[in-house]
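The following exchange concerns how the descriptive terms applied to a structure are justified. Each reply sets a value against its criterion.

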Amino acid sequence: MTTTTSTPVTTAPFTRTVSLMTVIGLLVVGQMYLVLPLFSAMAKDWHTTATAVTWTTTAFGFAYAASFLVTGPLSDRYGRRRVVVTGLTVLAVATAVAALAQSLPVGIVCRIAQGIGAAGFSPAALAYLSERIPPKQRSVALTCLVTAMVAATVTGQLVAQALLPTGSWRWVFLINAVIVAVLALSLRVVMLPDILSTTRRSLSSVFASMGRLVSRPVLLLIYLGAVPVLGSFVAVYTALQLHGPASLVGKPEALLELRASALPAMVAIPFLAGALAKVRPTLRAALALIVGAVAVFGLAFAGHSSLLTIGVLMFIFVGAIAVVSPGLTELVGSLSGANRGTGVALYTFALIGGASLGPQLVAALGSDGFTVILITTCAVELLGAALLLGADRLRPTA
């Protein structure tokens, strides 16, 4: 009589895994931008100003970015599926509680909890795809998820704006809470069980790996080069909204249409993943930032141009931004070895940290006008490209 031992499945089913994670990526990151169309309604309900309610976005963003530095290492220690499902569960509960908030301070606390829960998804999910999807399909998988997370800056607002007429802003949160809970259960079924080493590392050693990763020149240059990516993205849209042409300033519907018109550029990127993968990730990202910088430079002098011209330049800019991260995410994961979750978390932290700095750049240069803001943004993108070109030179020896 012979006995057989089952070997754990290590390769995830491509279609259902990537499809589900792409939808969740849209929804999770969209929670940060969900409140933008709801500011006035929330302010009226809480007897405060719309300006004060903007802190609900800031609170989510800071908690979201900072928590990457915890959830990434935790996924290395306790497993990707456990961290992802736990994070989504926290997000669902916090979103439901936020719908019941009766004051701005309570709402801000709920938004912080939402950010912490949302942070359980991104680094662990990206690391999971890097590990469990076959190499030939990995670039497409990562491109779909990263593109979805970038597109969420627009889709989050579109969803909220579409749901708001159905009732109070509270219903927007409650509906999102239910959807997140259902998707968390679905992902619990679709994701493969975690395979943990029999010699499990201590939690302190997992967190200590952060210092070792950051001390590697190639990774440090990639992390620094990632800061301008979403930083320039948010800065450009903020500048258009606050200091742009008269056809956009003070007209949220027109700006939302401009954002929506750039979505096809994001949707196209996954279909180009195979061709893009032929170019080294660091070189590809640097070239994309250069293309984006050229588009921003054109926008700097497009103040009196038609919305069509602005739309075309924004289409190029958004497409360039969407090209940057998929390849870098995969490269960072491979260079991080056993600390893949931690390495990806540091990269994602750099992206979101840059996004948080984008509005501050606009605020600091606001008095200098639209053209100066965008020329400075262009310079920042070129600096990011230079850093990534430096990483590209080090990559063969990494």
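Q: Why are Asp-76 and Arg-80 called buried or exposed?
A: Asp-76 and Arg-80 are both buried. Buried means under 20% relative accessible area, exposed over 50%, and partly exposed in between (1.4 Å probe, protein chains only). Arg-80 has a relative accessible area of 8% and therefore counts as buried. This is a predicted model, in which local features need pLDDT of at least 70, side-chain atom pairs count only at pLDDT 80 or more, and totals for chains, interfaces and linings use all residues. Residues are numbered from 1 along each chain as its sequence is written, and side-chain values use heavy atoms, without hydrogens and water.

Q: What makes Asp-76 and Arg-80 a salt bridge?
A: The closest N and O atoms of Asp-76 and Arg-80 are 2.7 Å apart. A salt bridge requires a side-chain nitrogen of Lys or Arg within 4 Å of a carboxyl oxygen of Asp or Glu, so the pair qualifies.

Q: What does the salt bridge of Arg-80 with Glu-131 tie together?
A: The closest N and O atoms of this pair are 2.5 Å apart. Arg-80 lies in helix H5 (residues 80–98) and Glu-131 in helix H7 (residues 122–132), so parts 51 residues apart in sequence are tied together. Helices are DSSP runs (H or I, at least four residues), numbered from the N terminus. Asp-76, Arg-80, Glu-131 and Arg-340 are linked in a network of salt bridges.

Q: Why is Glu-131 called partly exposed?
A: Its relative accessible area is 32%, so Glu-131 falls between the buried and exposed limits.

Terms used:
Helices (H or I, at least four residues) and strands (E, at least two) are DSSP runs, numbered from the N terminus.
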